[in-house]
Amino acid sequence: MPAIAMTAHAITIDAKSNSPILILKERGGERALPIWIGLLEATAIATEMEKIEFARPMTHDLALNLLAALGARITRIVVNDLRDNTYYALITLEKDGEVLEVDARPSDAVALALRAGAEIFVEEAVLAKSVPSREGTEASADSDKADKWLEILEGLDPEAFKYKM
């Protein structure tokens, strides 16, 4: 299945759980993928979105520095699976013409991609599993799930988006 180009659009807070939510938005499109993430990962993403610099490298900066010292670079990340309510991602690295893929949490992958200027993608199948469209859903459970996600996304207060691209 094809991967859809996305941007790290915003970080917001789920009012019910107080958990940070990373919003990936389809580049040039309307679809969005909300991913509930940890506070530390949200901070790592938000500081890069806001271009906040620290005197010493933070963890994701250190990881990028280590890769650079080894002659590798991150070219893209892909949120490639959703199993048991857990998202999975792959970080694609290039070193001396060799391409390597490394398993990662999407939040860490996005934090690294933003720092590296790498492309962010989401597999079409992941978008279909996580936010099914209202059209074409046959089972009522799928329709209920689609309505729930659309309600959550439509109900987010734009002012609550502390960090957005």
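Asn18 is exposed, because its relative accessibility is 60%. This residue sits in the loop between β1 (3–13) and β2 (20–26). Its phi is positive, near 60°, and Asn18 is not a glycine. The model is a predicted one, so the angles and distances in this text are computed from predicted coordinates.

Asp84 makes a good companion to Asn18. Asp84 also has a positive phi, about 50°, without being a glycine. The loop that holds Asp84 lies between β4 and β5. Its relative accessible area is 77%, over the 50% cut-off, and therefore Asp84 counts as exposed. The turn is short: 2 residues separate β4 from β5, and the two strands form a hairpin.

Step back to the whole chain. The protein has 165 residues, and 42% of them are buried. Its secondary structure consists of 5 helices and 8 strands. Read from the N terminus, the order of elements is β-β-β-α-α-β-β-β-α-β-α-α-β. The accessible surface is about 9700 Å². Carbon and sulfur atoms account for 53% of that surface. Contacts also reach along the sequence. Take those between residues at least 6 apart: 51% of them link residues at least 24 apart.

Now follow β4, which spans residues 72–83. On one side of the pairing list is β5, residues 86–95. β4 and β5 run antiparallel and are joined by 10 bridges. One of the bridge pairs is Arg73 with Glu94 of β5. β4 has another partner in β7, residues 119–123. Here the strands are parallel, with 4 bridges between them. Val79 of β4 has Val122 of β7 as its bridge partner.

Val79 deserves a closer look. Is Val79 buried or exposed? Its relative accessibility is 0%, so Val79 is buried. Which residues does Val79 touch, leaving aside those up to four places away in sequence? The contacts are Leu24, Leu33, Tyr87, Tyr88, Ala89, Pro106, Phe121, Val122, Glu123 and Val126. Three of these names can be placed at once. Val122 is the bridge partner in β7. Pro106 is a buried residue of α3. Tyr88 returns below with Arg83. Val79 also comes within reach of the start of the chain: its C-alpha is 8.7 Å from that of Ala3, although their positions lie 76 residues apart in sequence.

Two arginines place their charged ends over aromatic rings. Arg76 sits over the ring of Phe121, with its charged end 4.3 Å from the ring centre. Arg83 does likewise with Tyr88, at 3.9 Å from the ring centre. Both rings belong to residues that Val79 touches. How many aromatic pairs does a search of the whole structure find? The count is 0.

Turn to the helices. α1 covers residues 39–49, and 8 of its 11 residues are buried, so the helix is largely enclosed by the rest of the structure. The buried set is Glu41, Ala42, Ala44, Ile45, Ala46, Thr47, Glu48 and Met49. Two glutamates, Glu41 and Glu48, are among them. After α1 comes Lys51, with a positive phi near 55°.

α3 runs from residue 106 to 116 and is mostly covered, with 10 of 11 residues buried. Those buried are Pro106, Ser107, Asp108, Ala109, Val110, Ala111, Leu112, Ala113, Leu114 and Arg115. The buried set includes the charged residues Asp108 and Arg115. α3 is followed by Gly117, which has a positive phi near 70°.

The last stop is α4, residues 124–130, where Ser130 is found. Ser130 has 2% relative accessibility and is therefore buried. A polar atom of its side chain lies 2.9 Å from the backbone oxygen of Val126. An α-helix has 3.6 residues a turn, so residues three or four places apart point the same way. Val126 also links this helix back to β4, since Val126 is among the residues that Val79 touches.

Key:
Residues are numbered from 1 along each chain as its sequence is written. This is a predicted model: local features need pLDDT of at least 70, side-chain atom pairs count only at pLDDT 80 or more; totals for chains, interfaces and linings use all residues. Side-chain values use heavy atoms; hydrogens and water are left out. Buried means under 20% relative accessible area, exposed over 50%, partly exposed in between (1.4 Å probe, protein chains only). Contact means heavy atoms within 4.5 Å. A polar contact is a pair of N or O atoms within 3.5 Å; within protein, one must be able to donate a hydrogen and the other to accept it, and residues adjacent in sequence count only if both atoms are side-chain atoms. Accessible areas come from the Shrake-Rupley method with a 1.4 Å probe; for residues, only the protein chains shown count as cover. Rings of Phe, Tyr and Trp (its six-membered ring) pair if their centres lie within 6.5 Å; planes under 30 degrees apart count as stacked, over 60 as edge-to-face and the rest as tilted. A charge sits over a ring if NZ of Lys or CZ of Arg is within 6 Å of the ring centre and within 35 degrees of the ring normal. Two strands pair if DSSP finds at least two bridges between them.
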